[in-house]
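I opened this model to go through its chains and their contacts. My notes follow in the order in which I looked things up.

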Amino acid sequence: MTNEERVENINRLSGTDVRKCMKCGKCSGRCPAFKDMDIKPHQFVTKLGKGQIEELLESKSIWNCLSCMACVERCPRGVAPAAVIEAVRDTVVRMQGKNGIKAEEIPPIVDELIPQQLLVSAYRKYNK
Amino acid sequence: MQEVTTEKKEFTPNIVAFCCNWCSYAGADLAGSSRLTYPANVKIIRVPCSCRVNPTFVLKAFQQGADGVILCGCHPGDCHYVTGNYYTRRRMALLYSFLNYMGIEKERTRVEWVSAAEGARFSAVMNDFVAQVTALGENKRLTDLRVKEGE
Amino acid sequence: MQRIGVFICWCGSNIAATVDVEKVAEVIKSEPGVVYSANYQYMCSENGQQLIKQAIKEHNLTGIVVGACSPRMHEATFRKAAEAAGLNPYMVEIANIREHCSWIHKDMDEATEKAVILVRTAIAKVKLNAPLTAGESPVVKRALVIGGGIAGIQAALDIADAGFEVDIVEKNATIGGRMAQIDKTFPTLDCSACILTPKMVDCAQHEKIDILSYSEVEDVKGFVGNFSVTIRRKARYVDETKCTGCKICMEKCPSKKGLNTFNMGLNTRPAIHIPFAQAIPNVAVIDAEQCIKFKTGKCGICQKFCGVGAIDYEQKDSFIERQYGAIVVATGFKPIELTAFNEYGYADNKDVITSLELERLMNAAGPTNGVLLRPSDGQHPKVITFIQCVGSRDTSGCGKPYCSKICCMYTAKHAMLIREKYPDTEVHVFYIDVRTPGKNYDEFYRRAVEQYGVDYIKGMVGKVYNENGKLMVQGSNLIDNEQITIESDLVVLAAAIEPEPSVRKIATLLTASIDTNNFLTESHAKLRPVESPTAGVYLAGVCQGPKDIPETVSQASACAAKVIGLLAKDKLKTNPCVATPDETMCNGCSQCANVCAYGAITYVEKEFRLGGGKTEIRRVASVNPAVCQGCGACTVTCPSGAMDLKGFSSKQIMSEVDAICKK
């Protein structure tokens with residue numbers, strides 16, 4: 001896969017149109033994991049727009065994003081930074097040749113205290 | 001020997017749209033200026049009000065080989081001529097039962113209310129209507145046989 | 001034999017890019033009846049019109065078809081050109097090959113084919129056109145202004161100064177509108193009341209202006225030059241002619257807990273009240289929902305104390321009907337509801353306020369007498385954070401997709417005023433872009449930064465939350481690529497503005513076009529910015545689009561100029577496309593008169609020759625061309641097919657249908 005194809009693929013997977021972004025930064029203003037991100041949510045959108053995905057593929061942020069979707073919820077322009085992050089994460093997982101977890105691999109007894117959001121996030125991260 | 005290729009042409013219905021000058025025609029203009037596409041087989045006739053459309057115009061269109069006829073007027077209550085579109089609504093209701101009686105699918109006609117601000121709606125309505133008529137296929141019931149003469 | 005000329009316009013590349021205009025002109029040449037066919041880059045230009053005029057003369061044309069933009073755009077232009085060349089203006093037909101063809105189709109062959117059919121259809125119609133002459137209708141020399149804000153006030157004053165009668169219909173108890181609520185105005189920082197209230201007084205004292213406050217437009221009939229408007233005068237329970245505005249009733253009223261809407265609900269007012277000190281008319285109004293007398297039947301204190309006996313609990317809504325030649329719509333705006341934006345905590349925190357609320361908090365006549373105190377505890381806020389674009393430029397569905405235009409400037413104004421008055425206050429502004437086009441506007445904003453040290457932060461706020469009584473404003477600072485949290489005492493939201501909701505009803509009554517954001521549509525975005533597409537209706541102020549006071553005033557004056565131009569005429573040309581009966585076919589059944597919404601049809605007894613020297617007297621329909629609006633309802637109703645519509649005759653429409661269906 002060439003770099004261009006990868007950019008196209010990330011655009012397609014995320015289902016978001018990065019050109020809609022008006023660079024207000026509300027996504028990064030809301031992000032609860034902001035401190036743990038080397039590349040910030042708004043930068044995912046702008047860098048993808050410029051086709052600079054090498055940094056994104058190597059970033060720590062894709063593993064630190066909580067998939068809480070706060071940025072998606074708050075975006076005034078209907079852009080979904082979390083979906084971009086997820087698409088990048090997915091691309092990396094596939095590049096590594098991994099398959100992610102399957103539903104049957106989930107331990108039969110899941111701690112009731114685990115927030116549902118975390119499970120959803122885990123699915124998003126590992127089960128694409 | 002020349003090879004004969006019988007390319008089956010996809011059926012595109014011929015649609016006549018009557019649009020009132022004040023709302024729907026302006027709505028169609030707005031669809032145009034907003035570059036909202038709809039199929040080219042829709043052709044618009046401008047009338048002052050939807051109530052100017054005599055049901056015989058609709059029958060005439062079918063007779064001449066139109067596959068669908070759509071009438072667009074202002075929303076009920078918004079008629080530029082106060083009550084014109086109410087007459088349209090009643091007249092067309094009668095026409096529908098008449099069409100049924102004659103064995104013509106009444107889905108080939110439609111009355112829609114489109115305001116001057118609803119360019120997007122105009123385009124959506126046209127796309128939808130064209131799809132609906134395309135599904136019904138060619139209108140053969142009411143074509144004037146005289147028109148076919150000499151063919 | 002008809003001699004038809006066809007003119008195909010390129011409209012630059014608007015048509016020519018998708019329609020092969022030369023091919024269309026070429027194909028049309030062989031149409032029966034067509035003796036001349038041409039194409040040109042801009043038919044509506046002087047040269048294009050010249051081309052038409054010349055062709056009419058040289059080729060003795062009896063009718064022309066112009067394949068160009070929508071007839072709503074340039075039909076009048078081409079009719080004029082035809083008339084100048086000696087052709088009857090109603091021998092012109094337009095084939096709309098731009099809005100209905102080139103702009104919506106991408107495939108050149110398809111669009112060209114459609115354009116040919118559209119032009120053919122227009123040719124088929126024009127062949128059956130008959131020369132028509134416009135009639136005349138009188139103009140009522142009186143204007144109606146709907147809305148008594150600065151737009152309505154300015155328009156009314158200008159029209160009245162030209163010598164015409166004007167009525168202002170205002171739904172609130174006083175004129176003044178939003179501008180009366182504002183403290184200071186940018187970019188000069190004059191006090192709003194100081195420049196507005198003299199104009200309000202001018203209105204009240206002008207002999208040509210009649211202010212109908214606490215009134216609403218209920219019904220509109222008629223057309224340009226001859227509108228007939230029914231106005232509801234809402235019951236204010238106070239006799240406007242008697243009340244002196246002494247305010248003793250306000251003092252004595254025992255029900256003082258009503259939210260003061262003029263102060264954006266920041267304090268309370270009595271059930272009987274005058275909205276603010278400089279109200280025009282200076283007459284009290286009773287809020288029946290709050291009044292004890294209306295709720296329980298007991299009280300009547302205001303009536304007891306009123307020295308002039310102005311209080312009338314029995315007052316009912318009354319209706320008046322007046323005639324107008326022109327109508328100005330100036331219904332204004334309101335800030336949007338912020339319920340969809342819970343990230344800013346507007347509903348949960350008293351100290352998160354809107355900019356309009358801040359105007360009242362800083363106004364000397366406001367709830368705090370001009371001392372900036374925060375609503376929760378009445379303390380001076382030390383750190384104030386402004387958030388811009390709250391609901392503006394928002395396509396997510398919560399807000400409005402447009403820029404509200406005024407927020408950047410008023411936020412700079414607020415920030416500057418606060419730093420001026422309370423230098424120890426820290427002021428932060430979160431912005432996406434600072435938009436300051438306008439005379440002295442950018443200089444004004446830079447002054448806030450450079451002279452007053454306001455901290456502008458490029459970025460948007462993600463959330464506002466309360467922590468130990470402090471408002472924590474968390475947002476991004478995009479320049480430094482940081483997420484920051486500012487501990488604030490007061491948060492001010494620059495809420496988007498939207499048209500006053502009542503404009504929808506008014507637009508419906510006037511059959512004026514309105515867009516998806518409820519802004520009234522102007523006739524042409526650039527060249528006819530103050531006219532509504534409905535003749536005789538003009539637009540002033542924010543009802544047409546977001547704008548600030550200087551722009552609103554300019555637009556109001558422009559409206560006035562248009563109204564004066566209209567009212568200065570004694571007669572207007574009327575539409576000659578009216579219904580007309582074929583008397584030989586009419587049997588006088590009265591069905592047409594039954595459906596006519598305008599009462600244009602009457603019946604006359606006429607003598608007809610039967611042949612052989614015999615005559616017969618029959619009752620036949622007769623249409624008054626000045627009253628007929630040309631809708632055509634009667635033509636379809638007529639059982640004998642006697643009634644027809646000039647310019648849209650049954651034969652013409654049938655021939656159009658034929659031309660479209662011809663394969």
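What percentage of the 663 residues of chain C count as buried? I find 50%. I note at the outset that this is a predicted model.

**Entry 1: confidence**

I looked up the scores before anything else. The predictor gives an ipTM of 0.91 for the complex, along with a pTM of 0.73. For chain C the average pLDDT is 94, and 100% of the residues score at least 70.

**Entry 2: chain C as a whole**

I took the outline next. Along the principal axes, the C-alpha atoms of chain C fill a box of roughly 100 × 65 × 40 Å. I list 18 helices and 34 strands for chain C. Among contacts in chain C with a separation of 6 or more, 70% are between residues 24 or more positions apart.

The domain assignment of chain C reads as follows:
- Domain 1 covers 4-126.
- Domain 2 is given as 142-233 + 318-332 + 500-571.
- Domain 3 covers 248-305.
- Domain 4 covers 336-497.
- Domain 5 covers 579-645.

I also looked up the distance between the C-alpha centres of domain 1 and domain 2 of chain C, which is 39 Å.

**Entry 3: helix α14 of chain C**

Which residues of helix α14 (residues 503-510) of chain C are buried? I find C:V503, C:I506, C:A507 and C:L510. They lie on the same side of α14(C), because the arc they cover around the axis is only 100°. I then checked what the buried residues of α14(C) pack against. The partners are strands of chain C: β6 (142-146), β11 (215-223), β18 (326-329), β28 (497-499) and β29 (537-539). After α14(C) comes C:T511, with a positive phi near 45°.

**Entry 4: backbone points in chain C**

I looked at two cis peptide bonds in chain C. One joins C:F186 and C:P187, with omega about -5°. C:P187 sits in the loop between β8 (184-185) and β9 (190-191) of chain C. The other runs from C:I280 to C:P281, with omega near -5°. I place C:P281 in the loop between β15 (272-273) and β16 (285-286) of chain C.

I then turned to positive phi values outside glycine. C:Y237 has a phi near 65° and belongs to the loop between β12 (226-233) and α8 (248-252) of chain C. C:Y237 counts as buried because 24 other C-beta atoms lie within 10 Å. C:C389 has a positive phi of about 55° and is not a glycine either. I find C:C389 in strand β21 (residues 383-390) of chain C. Is C:C389 buried or exposed? I enter C:C389 as buried, since there are 28 C-beta neighbours inside 10 Å.

**Entry 5: chain C against chain B**

How many residues of chain C are in contact with chain B? I get 42 residues of chain C, against 41 residues of chain B. On the chain C side, the elements that each supply at least two residues are α3 (71-84), α4 (98-102), α5 (108-126), α17 (633-637) and α18 (650-661). α18(C) gives the most, with eight residues. By class, I enter 20 nonpolar, 13 polar and nine charged residues for the side of chain C that touches chain B.

**Entry 6: chain C against chain A**

I went through the contact with chain A in the manner of the previous entry. It takes 18 residues from chain C and 16 residues from chain A. On the chain C side, β24 (461-467) and β25 (470-477) are the elements that give two or more residues. The residues of that side divide into four nonpolar, 10 polar and four charged.

**Entry 7: A:P76**

I closed with one residue of chain A. A:P76 lies in the loop between α6 (70-74) and α7 (81-95) of chain A. A:P76 counts as buried because 25 C-beta neighbours lie inside 10 Å. What is A:P76 in contact with, leaving aside its neighbours within four places in sequence? In chain A, I list A:C24 and A:K26. In chain C, I list C:R393, C:D394, C:T395, C:S396 and C:G399. I also looked up A:I62, 14 residues from A:P76 along the chain, and the C-alpha atoms of the two are separated by 23 Å.

Terms used:
Residues numbered from 1 in each chain as written. Chains lettered and ligands numbered in written order. Predicted model: local features only at pLDDT ≥ 70, side-chain atom pairs only at ≥ 80, totals over all residues. Contact = placed C-beta atoms within 7 Å. Helix = DSSP H or I, 4+ residues; strand = E, 2+ residues; numbered from the N terminus. Nonpolar A, V, L, I, M, F, W, Y, C, P; charged D, E, K, R; others polar. Buried ≥ 20, exposed ≤ 12 C-beta atoms within 10 Å, placed from the backbone. Domains from an automatic or database assignment. Arc of directions from axis to C-beta. pLDDT = per-residue confidence, 0-100.
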